[in-house]
Amino acid sequence: MNIRTNSQTLRSASAAAVLLLSVAFAAAQDVGTEAQPAPRIGAMTRHGLAGVVTSLSESTIVMEIPENVSFTVHVGPSTRIVSAGQPAAPSDIHPGDPILANGDIDEQARTIQALSITIQAPFAAQMFQTLRASFGKTWTAGIVTAVQANSITVQRRDGQSQTFAVDDSTAWRLHDQPATSAMIRAGESIRVQLRPGATLASQVSIQGMTRPN
């Protein structure tokens, strides 16, 4: 009985981690719909990030995202705060809380001018920590800097460059639709699922060309 229960718990935790990662990335990116000349794959502007609060003041919140960097969230009078689907106040946010901050992102300054902040369920904090620990090992994300016949190099948010191999077994996705390796180019924002050893991609999800801030 305990073996069965533990197995079910592990499966549920794994499923939750995958779901949380998908939600975090989907919420963090807003893809433009205008057609672009091939092989450009549309344009993307990031509007939100999810992470865990590490410190806060009256008008700012510092949160650490799963990509091992921190962003400062600026909170103003018009910032909408929600918890469990209900309106909340800045005083409802505490260090250790998992949040999703939506607004204008400055990637260089690592700031977000928050339009809204969603306080997520407490279990999400542990999931984010798990994602942090596995970043660069079981998954990675960044801006493509080089595309070779059998490999791709990305510049990650933490400043590190990471190269991984691709082969005939690698699955390709574009905006959650089937894609091919011919669609990728330098400047694309991508997220990648890695096989054990972090050298071969099992799936590459193309998010679109980044726009300058």
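A residue counts as buried when its relative accessible area is under 20%, and glutamate 67, at 6% relative accessibility, therefore falls in the buried class. This cut-off is a handy starting point for a tour of the structure, which is a predicted model.

Taken as a whole, the chain contains two helices and 16 strands. Of its 213 residues, 42% are buried. Among contacts with a separation of 6 or more, 57% are made by residues 24 or more positions apart. The surface that the chain exposes comes to about 11,200 Å², with carbon and sulfur atoms supplying 54% of it.

Charged side chains offer a good way into the details, and a search of the whole structure turns up five salt bridges. One of these joins arginine 157 to glutamate 67, with 2.8 Å between the closest N and O atoms. Because arginine 157 sits in the loop between strand S11 (151–155) and strand S12 (161–165), while glutamate 67 belongs to the loop between S4 and S5, this pair ties together parts that are 90 residues apart in sequence. Arginine 157 has a relative accessibility of 13% and so counts as buried. The salt bridge between glutamate 107 and arginine 157 likewise has its closest N and O atoms 2.8 Å apart. Here glutamate 107 is placed in the loop between S8 and strand S9 (111–119) and arginine 157 in the loop between S11 and S12, so the parts tied together are 50 residues apart in sequence. Glutamate 107 itself is partly exposed, at 22% relative accessibility.

Another salt bridge brings together the side chains of aspartate 176 and arginine 191, at 3.9 Å from N to O. Its partners come from distant parts of the chain, 15 residues apart: aspartate 176 from the loop between S13 and S14, and arginine 191 from strand S15 (residues 188–194). Aspartate 176 is exposed, its relative accessible area being 53%, whereas arginine 191 counts as buried at 19% relative accessibility. Returning to the earlier group, Glu67, Glu107 and Arg157 are joined into one network by salt bridges that share partners.

The backbone of aspartate 176 also deserves a look. Most residues other than glycine have a negative phi. Aspartate 176, however, has a positive phi near 70 degrees, and its loop runs between strand S13 (171–174) and strand S14 (177–178). Asparagine 68 is another non-glycine residue with a positive phi, of about 65 degrees. This asparagine 68 occupies the loop between strand S4 (60–65) and strand S5 (69–74), and its 32% relative accessibility makes asparagine 68 partly exposed.

Aspartate 97 tells another story: this residue is buried but has no salt bridge, and the nearest side chain of opposite charge, that of arginine 132, is 15 Å away. Its position is in the loop between strand S7 (86–87) and strand S8 (98–106). A polar atom of the aspartate 97 side chain does lie 2.7 Å from the backbone nitrogen of histidine 94. Beyond neighbours within four places in sequence, aspartate 97 is in contact with Gly51, Val52, Val53 and Asp92.

Aromatic rings complete the picture, with a count of one aromatic pair. The ring centres of phenylalanine 135 and tryptophan 139 are 4.8 Å apart and their planes meet at 55 degrees, so the pair is classed as tilted. Both phenylalanine 135 and tryptophan 139 are buried.

Note on methods
Residues are numbered from 1 along each chain as its sequence is written. This is a predicted model: local features need pLDDT of at least 70, side-chain atom pairs count only at pLDDT 80 or more; totals for chains, interfaces and linings use all residues. Side-chain values use heavy atoms; hydrogens and water are left out. Helices (H or I, at least four residues) and strands (E, at least two) are DSSP runs, numbered from the N terminus. Buried means under 20% relative accessible area, exposed over 50%, partly exposed in between (1.4 Å probe, protein chains only). Lys and Arg count as positive and Asp and Glu as negative; His and the chain ends are not counted. A salt bridge is a side-chain nitrogen of Lys or Arg within 4 Å of a carboxyl oxygen of Asp or Glu. A polar contact is a pair of N or O atoms within 3.5 Å; within protein, one must be able to donate a hydrogen and the other to accept it, and residues adjacent in sequence count only if both atoms are side-chain atoms. Contact means heavy atoms within 4.5 Å. Accessible areas come from the Shrake-Rupley method with a 1.4 Å probe; for residues, only the protein chains shown count as cover. Rings of Phe, Tyr and Trp (its six-membered ring) pair if their centres lie within 6.5 Å; planes under 30 degrees apart count as stacked, over 60 as edge-to-face and the rest as tilted.
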